[in-house]
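Subject: Structure handover

Hello,

Here is the structure we talked about. Please open it first, then read the notes below it.

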Amino acid sequence: MKIRLFYKLFAVFFLTGLVVVAIATTLLERELKSAFIGWIGDELTAEAHIIALMPPDKILLHAAELAERSRSRLTLIDAAGWVTADSELHDLELDSHLNRSEIQEARVKGLGMAVRYSHTLRKEMIYVAVPLREGSQVTGYVRMARPLREFRVSIEELRNAIFDILLLIVTISLLIALVFVMKAVTPIRTLAAFTERIRAGKVSGMIRIKSRDEIGVLAQNINDMVAALQEKIRAADEETEKLQALFAGMAEGIMVLDARGRIETVNRGMEEMLGRRDAEIAGKTPLEAFRNVQLHDALELFRETGETVFREIRLEEARTVVVDATISAVRSEGDGKTLLVFHDVTRLKKLERIRTDFVANITHEIKTPLTAIIGFVETLQEGALDEKERALKFLQTIRENAQRLSRLVDDLLILSGIELGEVKLNLAMANVEEAINAVLAVVAAPISEKKLEVVTDIPKDLPAIAADRDRLAQILLNIIDNAVKFTPPGGKITVAASPGEQGRLTVRISDTGIGIPEGEIPRLGERFYRADKTRSREQGGTGLGLSIVKHLMTAHRGRMSIESAPGRGTTVSLAFPLFRDPA
Amino acid sequence: MEQKRHTSAEYERELQEIKDGLLYLGALTEKALEKGSVALLERNSDLAREIVCQDDRIDRLDVELEEKCIRLLALRQPAARDLRFITTAIKITGHLERIGDMASTIAEKVLILNEIPQIKPYIDLPRMVEIARGMIRRSLDALVREDVALANAVRQEDAVIDQLNEQIFRELLTFMMEDPHKIQVSLYIMQISKSLERIADHAEGIADMVIYMVTGKSVRHQPACAEKG
C-alpha cells in the first residue's frame, strides 16, 4: 500500500474544508463590505437631506457643529463647484469640485454617492452629495463624507470571528470524518489481510465483518468465494494425488520427453527398469541417459512419422530387461511432448524362448540319433548286411543311438513326472558315502580312460540323510558324470561331503574342467540348456541332466548351487536335509 | 530480441544434435563389439555378417556428424567451451568410426574362425571385449557428465588391455610352436586381440579429448600412470 486509503480520504476532507472556509470568508467579506457601504451611504444620505433643508447661511454658520454631531465631514459646495465650507479643512484653497463624481451624479440625479480616495485628506472616503435648491435652481451642494477605515476595521473583526467559527466547524467535522474514515478503512484492511493470507495459502476459516453495508456484502462474497475455491482446490488435489498414485504405482514404465526431446519425468516403474532415479536422468536426452540404439531408432522413427511406434526394446541398464515400448505424442497438451510406455516382457520372452528352445532342442535331440539309425539301416538294406563284420559294427551303432533315444525319452519322462508331481519319492535313511562310491564305480571306465584323478573326502561319521535311494543315485550320477565329461584328460575331480548348517549335509563335486561363464549359471537348470553346445552333444548328453537334478533336489527339499570360473573348473554343491527318525 | 532467442535455441539444439549423434555412434560401436563377442563365442556367423554390414552405417554417420560440426563452426563461430566441444566432437567421431572399423575387422575374422575348429575355449578375449566395451561406455559417460575423474579412470584401464593382449600373444605363440596346424587359427585370434587393443587405444583417445574439452588441457601422449621414482 503506497498511499493508504486512510490518508487519501482524510486529505480530501481536509482540503475540502480549507476551500470551503476560504471561499466562505471571501464571499462574506465582500457581502459585508457592500452592506456596510450601503448602510453608511443611507445614513449619510439621510443626514445630507436633513442638512439640505436648512437655509444655506445657517449651514455655513453651524457647519462645524453639524459635522461633529453627524460624526462626518461636511463640505458645502456652491453651484460653480467651489468649496464654501469644510468641517475638516480651514484653508479653502480647493479646486473646483464640479468634476467630482458624487457632485456630478447629484447634479444629474439629485443624489450622488462615491467611494474613492481623498487626495485632500489622503484616505479612502465614502461621499454622499445632495443639491441645495432654491425653487428649481441649484444653488450648491451639501456633501457628507466618512472615512472607510472606521468600518473596515469592524468588517475585519467580523470576518475574523466568522473565520474562527468556520475553522472550528471544519476542525470538528474533520474529526468526525476521521472517525468515519477509520471505521470505513478498518474492515477494508481486514479484508486485504485476509485475502493476502488466502493468496499465501494460509486459509483459516472465515472473515467476520459485522457491518451490513457494501463492505459487509463484500466480506460475505469473499467468504463464499474462499469456500468454493477451497472445495475446488481440494478436489484438484485429490485428482492430482490419484493420478500421481496411478503414475507412480503402475508396473509399466512411463517416461515423458519435453518438446526439446529431454527427459521430463519418469515413474517408479521406469526407475526400477532402468535402475536410475528420476533426478539422475531428468533434463538429459535419452541418449545421454542411456545409450540404447534400439530406443533411439524407435524415437527417430516416431519423430519422422509422428505416428505411434510399437517396438520391442532390450534395455541393458541395471539388469537386462526386454520391454514392449509404445512411443506416442502427449495429445492433450499439444506442445510436442512425447510419452514412452515400457511394458516389461522379460519373463514372457524368457518363457517363450524356453518353449521354442525346448521344441527346437527336442526335435534336434530326437532327430540326430534317428538320422543315424535310418542311415545305418539303409546301408544295411543296400547290401552291407552281407558283410558280417561291418554289419555288426553298424548294428552296434544303431543300438547305441536307439539307447540314446531311449535315455532321452526316459529323462523326459522323469522330468515331466517330477513336474507333474507323479513321481513319488520314497524318502528313507540314506548313506551318502555308499551312494557316492556306487556312482563312482559306474563311471570308473571313462575316468580311467581320461586318466582323471578322483579324490574323495568323506568323513566316516556323517549323519544319514533323508532321500530316495534311487533318485539320490541319479542325482549324484548326473553331476559326477558331468564332471567327468567336461574335465579334460589328466584333470582332477574332488567329491567331498560335510555336515552343513541348519540340519543339512552338503556334497561338493568339484572339477578342473572348462568351467561355465558366470552369465550362464542361472540358466543351467533349464531343459536342454547347454553352456557349451557343441561339446555337450559330442559327449552324448541329453541336455536334461541338470534340469532333472534341480527338480529332484527341490523334491527332496534340498538345494543345488553352482560356482564356476571359466577355465578353472566348476563346483556343484548339493545340500540334503538330514534324516530324522520319526519315532 | 525474439529473433536472438530463437537463434540461440536453434544453436543449442544443433549442439545437442551433435552430442546425441556422438552418443548414438558410440552406442552403435559398443553394440557392434558386443555382437562380435557373441558371434565369436557362439560361433554365430549370421551375427558376424550383420556387424560387417552395419559398419557402412557407422561410416555414414561419422561423415554426417563431421559435416554438422564443420557447418556449425562455419555458421555460428562458436567460442571458448563450445569451440572446444566441437573440435572434440570431430576427434571423437573419428575415434568412434575407427572403433567401428575394428569391430568390423573382428567380425570378418570371426567369420573365418567359425569355419575352422576351435582350438581352445575363449577366456581372455571375452574379458578384453568386456573391458574395451566398458572403456567406450565410460569414456562417453565422461563426455555426458563432463567428468574428468572418470575419463582418467578410463585412461588407466588401457594398461589392462595391453597386458591381456600380450598374454594372448605369448599363449598363442606356444600353441603355434607346439602344433603348426594351429598357426592359422592363432593368427586370426591374434588379429582379433590386436584389434581389441586398438579399440581400447581409441577409447583412451576419447577420454583424452573429454579431459581436453572440460579442462582445456591436452593430456594426449602422456602416460596414464606416472612412473614412480
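Which residue of β14(A) does A:V455 stand opposite? The partner is A:T494. Keep in mind that this is a predicted model.

That pair belongs to two strands of chain A, β12 and β14, the latter covering residues 492-499. They run parallel and are joined over five bridges. As background, strands of a sheet pair through backbone hydrogen bonds, in either a parallel or an antiparallel way.

**The mixed sheet**

β12(A) and β14(A) are part of an open sheet of five strands. Going across, the order in chain A is β12-β14-β15-β17-β16. The pairing in this sheet is mixed. At the edges stand β12 (453-457) and β16 (559-565) of chain A. Each has a single partner strand, so one side of each has no neighbour in the sheet. From one strand to the next, the twist averages 10 degrees.

A helix packs on this sheet: α16 of chain A, residues 545-555. α16 touches β16 and β17 (569-577) of chain A. The direction of α16 makes about 140 degrees with that of β16(A).

**The antiparallel sheet**

Chain A also holds an open sheet of five strands in the order β7-β6-β10-β9-β8. Here the pairing is antiparallel. The edge strands are β7 (263-266) and β8 (309-316) of chain A, and each pairs on one side only. The twist averages 25 degrees from strand to strand.

Start at the β7 edge. β6(A) and β7(A) pair in the antiparallel sense over three bridges. One bridge joins A:L257 to A:I263 in β7(A). The two strands form a hairpin, with five residues between them. In the turn sits A:G261, with a positive phi of about 85 degrees.

Now go to the β8 edge. β8(A) pairs with β9 of chain A, residues 320-329, over eight bridges. The sense is antiparallel. A:E312 stands opposite A:D324 in β9(A).

Which strands does α9(A) lie across? They are β6 (253-257), β8, β9 and β10 (338-344) of chain A. α9(A) runs at about 160 degrees to β8(A).

**Where chain A meets chain B**

α9(A) turns up again at the contact between the chains. Chain A brings 13 residues to this contact, and chain B brings 16. The area buried between them is about 1,400 Å². Carbon and sulfur atoms give 54% of that area. On the chain A side, A:E288, A:R291 and A:V293 supply 44% of what chain A buries against chain B, more than any other three residues.

What links the two chains? The interface has five salt bridges. One of them joins the side chains of B:K19 and A:E288, at 3.4 Å from N to O. There are also 10 residue pairs in polar contact between chain A and chain B, both residues at pLDDT 80 or more.

Two elements of chain A give two or more residues each to the side that touches chain B: α8 (286-289) and α9 (293-305). α9(A) gives the most, with three residues. By type, this side of chain A has three nonpolar, three polar and seven charged residues.

To find your way around, begin with A:V455 and A:T494 in the mixed sheet. Then follow α9(A) from the strands it lies across to the side of chain A that touches chain B.

Best wishes

Notes: Residues are numbered from 1 along each chain as its sequence is written. Chains are lettered from A and ligands numbered from 1 in the order in which they are written. This is a predicted model: local features need pLDDT of at least 70, side-chain atom pairs count only at pLDDT 80 or more; totals for chains, interfaces and linings use all residues. Side-chain values use heavy atoms; hydrogens and water are left out. Contact means heavy atoms within 4.5 Å. Buried area is the accessible area (1.4 Å probe) that two parts lose on being put together, summed over both. A salt bridge is a side-chain nitrogen of Lys or Arg within 4 Å of a carboxyl oxygen of Asp or Glu. A polar contact is a pair of N or O atoms within 3.5 Å; within protein, one must be able to donate a hydrogen and the other to accept it, and residues adjacent in sequence count only if both atoms are side-chain atoms. Helices (H or I, at least four residues) and strands (E, at least two) are DSSP runs, numbered from the N terminus. Ala, Val, Leu, Ile, Met, Phe, Trp, Tyr, Cys and Pro count as nonpolar, Asp, Glu, Lys and Arg as charged, and the others, Gly among them, as polar. Two strands pair if DSSP finds at least two bridges between them. Axes are lines fitted to C-alpha atoms, for helices over the stretch in contact, and angles run from 0 to 180 degrees between N-to-C directions.
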